[in-house]
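Trainee: I am new to this structure. Can we go through the terms and test each one?

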Amino acid sequence: MLHGPNLNLLGQREPGIYGSLTLDDINHQLLSDAESLSASLSFYQSNHEGALIDAIHAAAGIHEGLLINPGAYTHTSVAIRDAIAAVQLPTVEVHLSNIYRREEFRHHSYIAPVAVGQVSGFGANSYSLGLRALVQHLRQLSGH
Ligand code: DQA
């Protein structure tokens, strides 16, 4: 699970848009979701594009898939998109808010074309839904 920029401020950051749960709350929920799916999960948050790219590279060969909320880098980062394409890890993109109901500049995702799919607009539940979708996708790929 990769959390992009400003998501460390969840809980205090624009709660009308992003809700009142903190990143820790979301991670705890995801851990229990992972447990019920019999999947293992680790977390990383960074406000830095290069650090996120390093984490994507480091995931190759260690993790089977990526769940990512790229934050504002969704709309700007060719480099994060290229990193995902390079490691070829099945990736699910998640957003708390529905990015298509918001400002025009949020309507385009550089990540979506290299992702298996996207979950956007369900608040913290976007993460749970995204994790479930990713795990099921990986199980279908491996035939389990
Ligand atoms: C976000 C949506 C982005 O447009 C925004 O820059 C974020 C959070 C979301 O989860 O809704 O930082 O990715």
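Mentor: We take the ligand and then the sheet, in a model that is predicted.

Trainee: What makes Asn69 a polar contact of the ligand?

Mentor: The cut-off for a pair of N or O atoms is 3.5 Å. A ligand oxygen is 2.8 Å from an N or O atom in the Asn69 side chain. That is within the cut-off, so the pair counts as a polar contact. The His75 side chain has such an atom 2.7 Å from a ligand oxygen. For the side chain of Arg106 the value is 2.9 Å.

Trainee: How do you know whether the ligand is buried or exposed?

Mentor: Taken alone, the ligand exposes 320 Å². The protein buries 99% of that.

Trainee: Which residues are around the ligand, and what makes some of them charged?

Mentor: Among them are Arg13, Tyr18, Gly71, His95 and Arg106. Arg counts as charged, so Arg13 and Arg106 fall in that class. The shell divides into four nonpolar, five polar and two charged residues.

Trainee: Now the sheet. What is its strand order?

Mentor: The order is β2-β1-β3-β4-β5, in an open sheet with parallel pairing.

Trainee: Why are β2 and β5 said to stand at the edges?

Mentor: β2 (44-45) and β5 (117-120) each have a single partner strand, so one side of each lacks a neighbour in the sheet.

Trainee: How do you know that β1 pairs with β2?

Mentor: Pairing needs at least two bridges. Strand β1 (residues 2-3) and β2 have two bridges, so they pair, in the parallel sense. His3 stands opposite Gln45 in β2.

Conventions
Residues numbered from 1 in each chain as written. Predicted model: local features only at pLDDT ≥ 70, side-chain atom pairs only at ≥ 80, totals over all residues. Heavy atoms only, no water. Near = heavy atom within 4 Å. Polar contact = N/O pair within 3.5 Å; in protein donor to acceptor, adjacent residues only side chain to side chain. Areas by Shrake-Rupley, 256 points an atom, 1.4 Å probe, with all protein chains shown as cover. Helix = DSSP H or I, 4+ residues; strand = E, 2+ residues; numbered from the N terminus.
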